[in-house]
Amino acid sequence: MYYIGVDIGGTNISAGAVKATGELLFKKSVKTGKERAYEEVLADIIAIVKEVQETAGDGAQAVGLGCPGSCNKSTGTVEFSGNLNWHNVPLTADVQKGTGLPAFLENDANAAAYGEFVAGAAKGLNSAVAITLGTGVGAGIIIDGKVFCGENFAGGEIGHTVISVDGPACTCGRNGCFEVFSSATGLIRMTKEAMEKAPESVMHAITEELGKVSARTAFMAAKKNDAAGKKVVDDYIKYLACGITNVINTFQPDCLCIGGGVCNEGDELLLPLRALVAKEVYTRNSAKNTEILICKLGNDAGIIGAALSNS
């Protein structure tokens, strides 16, 4: 017996066979081609599900679909996905029709959070928040072992809580969102701004070597004791700590795990982040505080969480 999880991203569609225990048996992936019509992407989703079935054999119980955007779990409809340009598409009904398997729907960030809860950094705990620092800031909230999605299935948009009222504009229409400062996109923006003000910074040489400004640039410069690079890193961690402290003060989860490419910095990111949060969190004198961890499952979290979020 196994479940099939499908993680639908703007770049790739990944699918795998997952045991009820959270073990990912194997996975397959195809390019999304997000500029294509819904029907074309749907055909590839159905095809990759069938490939997983053929490889894993009999015993598939259902298909879980993790999709970006506003996902109505009760109707199985993706009401809106900006990443895919989908509007009110009946995804679960179409996948059920194409595969013959029961299908269910979950927002991709919620699915990734549930994956970490079932088989990753938050395994064995009661509550958790998982935050992904990517192009934006995605988040999923687990309370008493269940995904919290709110009345309209759009709960958990932590990236669009404001941490600086007069901050830069966010794509959502607000100013100073957590996402503006703490996403990889925000880190790159701050790095570019710092480079313009510091022509002597080694960040320029690093950029030339890498061929672009990336989320790694400022961290690499900071390791070389570059003042401008260290300032970017310090500011980035300061904003990240502010947003995370807000989340902890609101939910008090057993753990808060962070993922995304910037987390490859390891202790260079995690140690100062934990220290700042410890100073600011409301429960700073508590014997048991929320533990801040790095996500363990990487890109597999979405597949595992999608497969099991309705099992």
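**Salt bridges, a pocket and two sheets**

Lys-231, Asp-235 and Lys-238 are tied together in a network of salt bridges. That trio is a handy way into this predicted model, since Lys-231 and Asp-235 also turn up in the lining of the second largest pocket. Across the structure there are 8 salt bridges. Below are some of them, then the pocket, then two open sheets, one running S11-S10-S9-S12-S13 and the other S3-S2-S1-S4-S8.

**The pair in helix H8**

- Within the network, the side chains of Lys-231 and Asp-235 meet with N and O 2.7 Å apart.
- Both residues sit in helix H8, and because they are 4 residues apart there, about one helical turn separates them.
- How exposed are the two partners? Lys-231 is partly exposed, at 49% relative accessibility, while Asp-235 has a relative accessible area of 19% and is buried.
- The cut-off matters for Asp-235: buried means under 20%, so a value of 19% puts this residue in the buried class.

**Two other salt bridges**

- Lys-27 pairs with Asp-300, and their closest N and O atoms are 2.6 Å apart.
- This one links distant parts of the chain: Lys-27 belongs to strand S3 (residues 24-31) and Asp-300 to helix H10 (residues 300-308), with the two positions 273 residues apart in the numbering.
- Both ends are partly exposed, Lys-27 with a relative accessible area of 45% and Asp-300 with 21%.
- Asp-44 and Arg-36 form another salt bridge, at 2.7 Å from N to O.
- Here too the partners count as partly exposed: Asp-44 comes in at 26% relative accessibility and Arg-36 at 23%.

**The second largest pocket**

- How much space does the second largest pocket hold? The volume is about 230 Å³.
- Helix H5 (184-197) and helix H8 (227-251) each contribute at least two residues to the lining.
- Among the lining residues are Pro-168, Phe-181, Met-190, Val-232 and Tyr-239.
- Charged residues are there as well, including Arg-189, Glu-193 and Lys-197, along with the salt-bridged Lys-231 and Asp-235.
- Sorted by class, the lining has 7 nonpolar and 5 charged residues, and no polar ones.

**The sheet from S11 to S13**

- This open sheet has 5 strands and mixed pairing, in the order S11-S10-S9-S12-S13.
- Strand S11 (146-148) and strand S13 (291-294) are the edge strands; each has a single partner, so one side of each lacks a neighbour in the sheet.
- From one strand to the next, the twist averages 25°.
- S11 pairs with strand S10 (residues 137-143) in the antiparallel sense, over 3 bridges.
- Which residue faces Val-147 of S11? Ile-142 stands opposite.

**The sheet from S3 to S8**

- The order here is S3-S2-S1-S4-S8, again an open sheet of 5 strands with mixed pairing.
- At its edges are S3 and strand S8 (103-107), each with a single partner strand, so each has one side without a neighbour in the sheet.
- The average twist is 20° from one strand to the next.
- Strand S1 (residues 2-8) runs antiparallel to strand S2 (residues 12-18), and 6 bridges join the pair.
- Asp-7 has Ser-14 of S2 as its bridge partner.
- Edge strand S3 is also the one that carries Lys-27, the partner of Asp-300 in helix H10.

Methods. Residues are numbered from 1 along each chain as its sequence is written. This is a predicted model: local features need pLDDT of at least 70, side-chain atom pairs count only at pLDDT 80 or more; totals for chains, interfaces and linings use all residues. Side-chain values use heavy atoms; hydrogens and water are left out. On a 1 Å grid over the protein atoms alone, a cavity is a set of points where a 1.4 Å probe fits but cannot get out, and a pocket is an open set with protein on both sides within 12 Å along at least five of seven lines; lining residues have an atom within 4 Å of a point. Grid points are joined across faces, edges and corners, and a volume is the space filled by probe spheres set on the points. Ala, Val, Leu, Ile, Met, Phe, Trp, Tyr, Cys and Pro count as nonpolar, Asp, Glu, Lys and Arg as charged, and the others, Gly among them, as polar. A salt bridge is a side-chain nitrogen of Lys or Arg within 4 Å of a carboxyl oxygen of Asp or Glu. Buried means under 20% relative accessible area, exposed over 50%, partly exposed in between (1.4 Å probe, protein chains only). Two strands pair if DSSP finds at least two bridges between them. Axes are lines fitted to C-alpha atoms, for helices over the stretch in contact, and angles run from 0 to 180 degrees between N-to-C directions.
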